[in-house]
Amino acid sequence: MSPITGSYTASVRIENIARYDGQEVIIQGWLQLKTGKGKLQFLRVRDGSGIIQAVVFKGNVSAEAFEAARRLPLESSLIVTGVARADQRAPGFPGGYELDVRDLEVVQESAEYPIGPKEHGVEFLMDNRHLWLRSTRQWAILRVRATIIKAIRDWLDDNGFTLVDTPILTPAAAEGTTTLFQTDYHGMPAFLAQTGQLYNEANIFAVGKTYCFGPTFRAEKSKTRRHLQEFWMVEPEIAFCTLEQLLEIEEQYVSYIVQTTLRKRAVELAALERDTSTLAKVVPPFPRISYDDAVTRINAAAAAGVTVPPNDEPLPALPWGEDFGAPHETFVASLFDKPVFVHHYPSQVKAFYMESEPGRPEVCRSCDLLAPEGYGEIVGGSERMSDPDLLLAAIDRHHLPREAYAWYVDLRRYGSVPHSGFGLGVERTVAWLCGIDHIRETVPFPRLLNRLYP
RNA sequence: UCCUCGGUAGCUCAAUUGGCAGAGCAAGCGGCUGUUAACCGCAAGGUUGGAGGUUCGAGUCCUCCCCGAGGAGCCA
């Protein structure tokens, strides 16, 4: 142990409290909640790793310490010394233990804390997002998010993928479909990246299997529980990979992320009251259904008057060739108890660079992965066009400027290979695994249509 | 951009047909040795989002504006 760590190491992390049963420990943290009964005060203390109840009995501590415990405002910072002991009545996470307090030092007495132990409205909580993060639910989500991100990186790093970063400032619309945030680049227009995929396609020719992972930006005027203006996405890209091979990679990948999170964040998922039984089923293989078959089943169900959550509205019919709406995604996902692959979408609803299916030019070698329980599309992927002439024709067909894509077409002239890739949205994955209904809680400081503060 | 709903105490909400603007929680004071968003008592807390209009009288009705929420489109 380093000699300069000093008193820092003297404190115990609440998540490890079970190791110290019967011992005197020091906890450094904040007062999350308080209740009391005369000479007995119950302080719920959190330290970032967990939440524990500290019990202060007047007869066990100095008069000053007891008065502090009795009067201390919520969110005051404090250092508590006490004996860890098992108690079934003790609330908290991981729970099962409480602290029999012997001393209490106030680091700072908090000002009146705006967020109380009661219901609050969305606007108020979002205005106080910098404080809301301290609440149990938000804390648990942050911990799950961090674990999901680590799993996202670990699996790729351990399976031959090389991280190659892609630019955030880009010269033109990468896919030419969605609205981009524009900024000034020394007098030239520049745009915040909406994907790193095109650059990934260059990078696979250097490293074979690559991924980029970072924030991405969409300036669409979307106000729904599934959309952010700024969100994080991991985009793997693989050389010598067909659509069929891609799906096998995706189901291995997603299963690893889910199972790792279940194993490492059981306490946090319990704090979120997440029913993990459906998540436990997320293991390969995932069911596969073609767009054609999905449309058939949607229209049969629509004709039969099937309704879909969350509002139990009738499932609308879907003419072949149109993209799924939210109710269609929910319905198709509800047919299975695992994530489901929907493959071979109509080319007209997908990006220009997707490879056509041989013999069926109207559909492309694409695939979306729909999460169960109505969480919708969390992965979108495809096999990419590998022929330079067909790619140029697609660029023209979509009225995209050839000059901007010259380098991209170039990739198909020097040792072109079949290749595929996908993008996985971090926030939608977090929402799914945490079982929360709005994406704004899956990122510490969400960027929403009408919110840039805090 | 369009559709729907909303804005009253620090917070969550109520206020009958247009007739004295009220509760709970938080904050303050007092009490309580097993509380889980404790409980009991006392006291305090208001430019009803903004502007204009109708009326003897507007939180309530009308017009415009601002802000927020949910959804559609689009997407991860």
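Which residue's side chain meets that of Glu15 in a salt bridge? I began my notebook with this pair, and the model I was reading, I should record at once, is a predicted one. The partner I found is Arg143, whose side chain meets that of Glu15 with an N to O distance of 3.0 Å. I then looked up where the two residues sit: Glu15 lies in the segment before strand 1 and Arg143 in helix 4 (residues 136-157), so the pair ties together parts that are 128 residues apart in sequence. For context I noted that a search of the whole structure finds 27 salt bridges.

**Entry on the domains**

I next looked up the domain assignment of chain A, which gives domain 1 as 3-108 and domain 2 as 131-287 + 336-442. On the contact between them, I wrote down that domain 1 supplies 11 residues and domain 2 supplies 8 residues. The C-alpha centres of domain 1 and domain 2 are 43 Å apart.

I also asked how the extent of this contact might be expressed, remembering that the size of an interface is often given as the accessible area lost when the parts come together. Between domain 1 and domain 2 the buried area is about 720 Å², and carbon and sulfur atoms give 54% of that area. For polar links I found 2 salt bridges between the two domains, and the count of residue pairs in polar contact between them is 5. Sorting the side of domain 1 that touches domain 2 by class, I obtained 3 nonpolar, 4 polar and 4 charged residues.

**Entry on RNA strand B**

Which residues come nearest to RNA strand B? Of the 51 residues around the strand, I listed Thr35, Phe57, His120, Arg225 and Arg428 as those that come nearest. By class, the surface near RNA strand B divides into 15 nonpolar, 13 polar and 23 charged residues. Looking from the RNA side, I noted that 44% of the atoms of strand B within 4 Å of the protein belong to sugar or phosphate, while the rest belong to bases.

I then went through individual polar approaches to the RNA. A polar side-chain atom of Thr35 lies 2.4 Å from a sugar or linking oxygen of RNA strand B, whereas for Ser222 an N or O atom of the side chain is 3.1 Å from a base oxygen. With Leu228 a polar backbone atom takes part, and the base nitrogen that it faces on RNA strand B is 2.8 Å away. Among the elements that give two or more residues to this surface I noted strand 2 (40-46), strand 3 (51-57), helix 2 (122-127), strand 12 (230-239) and helix 10 (326-334). Strand 1 gives the most to the surface near RNA strand B, with 4 residues.

**Entry on backbone geometry**

I closed with the backbone, keeping in mind that most residues other than glycine have a negative phi, and most peptide bonds are trans. Phe93 and Pro94 are joined by a cis peptide bond with an omega of about 5 degrees, and Pro94 belongs to the loop between strand 5 (92-93) and strand 6 (97-108). I found another cis bond between Pro284 and Pro285, where omega is about -5 degrees, and I placed Pro285 in the loop between helix 8 (277-280) and strand 13 (288-290).

Is the phi of Glu75 positive or negative? The value I read is positive, about 75 degrees, although Glu75 is not a glycine, and the residue is placed in the loop between helix 1 (63-71) and strand 4 (77-86).

Notes. Residues numbered from 1 in each chain as written. Chains lettered and ligands numbered in written order. Predicted model: local features only at pLDDT ≥ 70, side-chain atom pairs only at ≥ 80, totals over all residues. Heavy atoms only, no water. Domains from an automatic or database assignment. Contact = heavy atoms within 4.5 Å. Buried area = accessible area lost by both parts, 1.4 Å probe. Salt bridge = Lys/Arg side-chain N within 4 Å of Asp/Glu carboxyl O. Polar contact = N/O pair within 3.5 Å; in protein donor to acceptor, adjacent residues only side chain to side chain. Nonpolar A, V, L, I, M, F, W, Y, C, P; charged D, E, K, R; others polar. Near = heavy atom within 4 Å.
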